[in-house]
Amino acid sequence: VVLDEAHKASGAYAYVKVVHYLDEAGAKYRILGLSATPGTGIKAIQEVITALRIQKIEARLEDDSNVKKYIHERHSEIIIVKQASVVNSIERMLID
């Protein structure tokens, strides 16, 4: 079973249910879970590992030779924008 966006496998998400049904049926299966964004922290990643019964993890970073050829050069710029006075007024009303 191939699961794209495997990082979504938590709670009552469909991927979790599929694995549960496969287990209940006594099926023999393997899962290939793919994700470019595996999780926001160890706890979230561990939840996916548990939900999908993951036993082996392979990771590829941007500097990996197999990945590097697909990464384009990025440029970033931080622009600080002053909030409009009406936004400041609304913010003050919400805080008070």
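This report describes a predicted model, taking in turn its largest pocket, a nonpolar surface patch, two loop residues with positive phi, and an exposed tyrosine.

## The largest pocket

The largest pocket of the model has a volume of about 980 Å³. Of the 27 residues that line this pocket, those closest to its centre are Gly33, Ile54, Lys56, Ile57 and Glu58.

Among the elements that contribute to the lining of the largest pocket are strand β2, which spans residues 32–34, and helix α2, each of them supplying at least two residues. By residue class, the lining of the largest pocket divides into 17 nonpolar residues, four polar ones and six that are charged.

## A nonpolar patch on the surface

A nonpolar patch on the surface is formed by Val86, Val87, Ile90, Met93 and Leu94, which together have about 510 Å² of accessible area. One of these residues, Met93, is found in helix α4, which runs over residues 85–95. Because its relative accessibility is 61%, and the cut-off for an exposed residue is over 50%, Met93 counts as exposed.

## Two loop residues with positive phi

Most residues other than glycine have a negative phi, and against that background two residues of this model deserve a separate look. Glu5 has a phi near 60°, a positive value in a residue that is not glycine, and Glu5 lies in the loop between strand β1 (2–4) and helix α1 (14–24). Since its relative accessibility is 35%, which falls between the limits of 20% for buried and 50% for exposed, Glu5 counts as partly exposed.

Arg53 is likewise not a glycine, and it has a positive phi of about 60°. The loop that holds Arg53 is the one between helix α2, residues 42–51, and helix α3, residues 65–68. With a relative accessible area of 42%, which again lies between the limits of 20% and 50%, Arg53 is partly exposed.

## Tyr70 and its distance from Arg30

Tyr70 belongs to the loop between helices α3 and α4. Its relative accessibility of 58% lies over the cut-off of 50%, and Tyr70 therefore counts as exposed. In sequence, Tyr70 and Arg30 are 40 residues apart, while in space the distance between the two, taken from C-alpha to C-alpha, is 27 Å.

Terms used:
Residues are numbered from 1 along each chain as its sequence is written. This is a predicted model: local features need pLDDT of at least 70, side-chain atom pairs count only at pLDDT 80 or more; totals for chains, interfaces and linings use all residues. Side-chain values use heavy atoms; hydrogens and water are left out. Helices (H or I, at least four residues) and strands (E, at least two) are DSSP runs, numbered from the N terminus. Buried means under 20% relative accessible area, exposed over 50%, partly exposed in between (1.4 Å probe, protein chains only). Patches are made of residues with over 30% relative accessible area and no salt bridge: like charges are joined within 9 Å, nonpolar side chains (Val, Leu, Ile, Met, Phe, Trp, Tyr) within 5 Å. Accessible areas come from the Shrake-Rupley method with a 1.4 Å probe; for residues, only the protein chains shown count as cover. A salt bridge is a side-chain nitrogen of Lys or Arg within 4 Å of a carboxyl oxygen of Asp or Glu. On a 1 Å grid over the protein atoms alone, a cavity is a set of points where a 1.4 Å probe fits but cannot get out, and a pocket is an open set with protein on both sides within 12 Å along at least five of seven lines; lining residues have an atom within 4 Å of a point. Grid points are joined across faces, edges and corners, and a volume is the space filled by probe spheres set on the points. Ala, Val, Leu, Ile, Met, Phe, Trp, Tyr, Cys and Pro count as nonpolar, Asp, Glu, Lys and Arg as charged, and the others, Gly among them, as polar.
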